[in-house]
Amino acid sequence: MTAFDQVYRESLEHPEQFWSRAANAVHWDKKWDKILDDADAPYYRWFTGGKLNSCYNALDIHVENGRGSQAALIYDSPVTDTVRTYSYLELRDQVAAFAGMLAGLGVEKGERVIVYMPMIPQAVIAMLACARLGAVHSVVFGGFAANELAVRIDDAQPKVIVSASCGIEPGRIVEYKPLLDEAIATAAHKPAACVILQREQARAALTEGRDYDMSAALAAAEPHDCVSVEATDPLYILYTSGTTGQPKGVVRDNGGHVVALKWSMKNIYDVDPGDVYWAASDVGWVVGHSYIVYAPLFNGNTTVLYEGKPVGTPDPGAFWRVISQHKVKCLFTAPTAFRAIKKEDPAGTLIGDYDLSGLETLYLAGERCDPDTLKWAQDKLRVPVIDHWWQTETGWAICANCKGIELLPIKQGSPTKPVPGWDLRVLDETQSEVKSGDIGALVVKLPLPPGTFPTLWNARQRHHDAYLADYPGYYKTADAGFIDDDGYVFVMSRTDDIINVAGHRLSTGAMEEVLAAHPDIAECAVTGVADALKGQIPLGFVVLNSGCDRDHQTIVAEAVKMVRDQIGPVAAFKQALVVKRLPKTRSGKILRGTMQKIADCQDWKMPATIDDPAILDEITESLQSVGYAKGS
Ligand code: COA
Ligand code: AMP
């Protein structure tokens, strides 16, 4: 048995022994009564009765243990030409002051705070300040539109919203404040206060009586100490795309989260305290929560916060510059970032301009990693390139090559094996396990390990229906795939309407809801089609109301604008085709999967239940007219 197999086996056979050992590496104000609590199964809880504070485990503990002067966070912002390092001591003090400011505005344990911020240190500080108070943060990605923010305000009901006057995208300043004002005007719930960081690139007008200037408010704040919370108390809510326009509020608890994330830093990413770790993502996504903010700090690493892009800020050598300048040992990003770099510098010539000798490993996640990208990264960087698979819901990797335990041989197209703690199975529709090599639903036998999600915010029934109902006793990942004879997992596709656009998770159903509201659109469908840079992009099909004689291009432009205005630029919805009819089954179900396969020139079978096969010919012709389905 390999070293990895031994650890994996222990994690499943003796989970309490396994996770209590990991938990002993964490600071507890009071130790747990129960490691794994099954009193409410299938809603399992970890470390019930235990008390701790996540911010204490991220910052104070390191200051107390002599790491005060070590860099905790390096803010590297090519878009503002800034590099600024915060030591653990400085970060702790700034977070304590921020927590004091929030407390002064009435934020108490359990209350929600929405953070709507670009990639700046104040976003991290705000998150940790909430953790310090035992308040629950909910970070909303900056690329979402006001309407998406409004939906989250109504669901989370924040006491305070923390934001900035603007974000900086290459070539344009994104003014956040008008979006925030519009969201608050739309939402039924109104926050008691907004705290706004004024950035010099675009200052915002503040609303008297509601908005506070962050610098002034911080100057007047008294530092606040850590508030001890239950291990099972919520640390944050992170909204992610569901199958409707109503996003799912994934809840993360405190205790299991610290334990699992800290464990993951050595065992999965193979980094030690003091090493520089860079997750090139955004704090608005789960990768940012887990691996820009919490895990590296729990582990005493230096984390890099990068406000820039892989290309264009200023060139495709940007990542190599950051790695060499800050001595990054481990980089984590999405394959799309590497596709963007490869597209602009296919020979990787800019790599030669930098000293990358400190880089030991590249981790990729967020979308399926295509073999070309994996191979390019391996060839150019000459370090192990590790694809790993996880989801907002899981908070950390389900499958990975756990380099800190044992680096297993890499198979292209596979995120390797289930990580210790994850009992992954492949089931068919009858809930039976399939044989190796056969595709089925990827599910995880309950209980999930610590650090995942106990529930959805305000939606216990939805949590049950979405994740637990279809395969009793298992967590449904909504990904399909297979496990080969060597135990390697292959994740092939989603089983729902979720698509991954540049590593960003989006619901095509939510886009359809927006399109359907256009007055000239009778019916619509959105599918994800293959894109060389972003992996997938959404493509709309719209049927117009009979008698509509308006110009098709105008209607499409309006529809594209509606999606951008209501979901946000991040949806990257840029194209829709006006078609006469949509292909459907006899029971009226739109054949989205078949349309996607035709567009991508994949093999497809005429569905036996199709209502009118001729419609697929019309769809193929439309797709061909805009460059898709060329091989069909
Ligand atoms: N605030 C406001 N707008 C934002 C934004 C933010 N935080 N992030 C993205 N946007 C906008 C972009 O400006 C773009 O707008 P446009 O349509 O006007 O051009 C749109 O949302 C789409 O953004 P994106 O998907 O990032 O595409 P891009 O073409 O700007 O860049 C990549 C493509 C590959 C360079 C980029 O997606 C990238 O760096 N990806 C890295 C992967 C990643 O971070 N994944 C997260 C999970 S690990
Ligand atoms: P998110 O919740 O945004 O992290 O998106 C999760 C989804 O992204 C998963 O359910 C998968 O469909 C996809 N995904 C993430 N990582 C991988 C990977 N390494 N390989 C294949 N798909 C992935």
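This passage walks through two helix pairs, two ligand sites and a few backbone oddities in a predicted model.

A good place to start is the N-terminal end of the numbering, with helices α1 and α2. Helix α1 covers residues 3-13 and helix α2 covers residues 15-23, and their axes come within 5 Å of each other, crossing at roughly 110°. Angles of 65 to 115 degrees count as roughly perpendicular, so that label applies to α1 and α2. On the α1 side, the residues taking part are Val7, Glu10, Ser11, Leu12 and Glu13, and they meet Pro15, Gln17, Phe18 and Arg21 of α2. Sorted by class, this contact is a mix of 4 nonpolar, 2 polar and 3 charged residues.

Another helix pair turns up further along the chain. Here helix α12 (residues 335-344) packs against helix α13 (residues 371-381) at an angle of about 70°, and the two axes are 10 Å apart. That angle makes α12 roughly perpendicular to α13. As for handedness, α12 and α13 cross in the left-handed sense. From α12 come Pro335, Phe338, Arg339, Ile341 and Lys342, while α13 brings Asp372, Thr373, Trp376, Ala377 and Leu381 to meet them. The tally for this contact is 6 nonpolar, 1 polar and 3 charged residues.

Now for the ligands. Ligand 1 has 24 residues around it, and the closest are Glu169, Arg172, Pro310, Lys534 and Arg564. Lys534 also shows up in the polar contacts: an N or O atom in its side chain is 2.9 Å from an oxygen atom of ligand 1. Another lysine does something along these lines, with a polar side-chain atom of Lys574 sitting 3.0 Å from an oxygen atom of the ligand. Gly143 joins in through its backbone, where an N or O atom lies 3.4 Å from a nitrogen atom of ligand 1.

Ligand 2 is surrounded by 15 residues, and Asp387, Thr392, Asp479, Arg494 and Arg505 are the closest. Two of the polar contacts here involve nitrogen on the ligand side. In one, the partner is an N or O atom in the side chain of Asp387, at 2.8 Å from a nitrogen atom of ligand 2. In the other, a polar backbone atom of His388 is 2.8 Å from a nitrogen atom of the ligand. An oxygen atom of ligand 2 is also involved, with a polar side-chain atom of Arg494 lying 2.6 Å away from it.

Finally, the backbone has some details worth a look. The peptide bond running from Ala41 to Pro42 is cis, with omega near 10°. Pro42 belongs to the loop that links β1 (34-37) and β2 (45-48). Thr313 and Pro314 are likewise joined by a cis peptide bond, this one with omega at about 0°. In this case the proline, Pro314, is in the loop between β17 (302-306) and α11 (318-326). Gln157 is a curiosity of another kind: this residue is not a glycine, yet its phi is positive, at about 50°. Gln157 is found in a loop too, the one between α6 (146-156) and β8 (160-164).

Terms used
Residues are numbered from 1 along each chain as its sequence is written. Chains are lettered from A and ligands numbered from 1 in the order in which they are written. This is a predicted model: local features need pLDDT of at least 70, side-chain atom pairs count only at pLDDT 80 or more; totals for chains, interfaces and linings use all residues. Side-chain values use heavy atoms; hydrogens and water are left out. Axes are lines fitted to C-alpha atoms, for helices over the stretch in contact, and angles run from 0 to 180 degrees between N-to-C directions. Helices (H or I, at least four residues) and strands (E, at least two) are DSSP runs, numbered from the N terminus. Angles under 35 degrees count as roughly parallel, over 145 as roughly antiparallel, 65 to 115 as roughly perpendicular and the rest as oblique. A crossing is left-handed if the near helix is turned anticlockwise from the far one by less than a right angle, and right-handed if clockwise. Contact means heavy atoms within 4.5 Å. Ala, Val, Leu, Ile, Met, Phe, Trp, Tyr, Cys and Pro count as nonpolar, Asp, Glu, Lys and Arg as charged, and the others, Gly among them, as polar. A residue is near a molecule or strand if one of its heavy atoms lies within 4 Å of it. A polar contact is a pair of N or O atoms within 3.5 Å; within protein, one must be able to donate a hydrogen and the other to accept it, and residues adjacent in sequence count only if both atoms are side-chain atoms.
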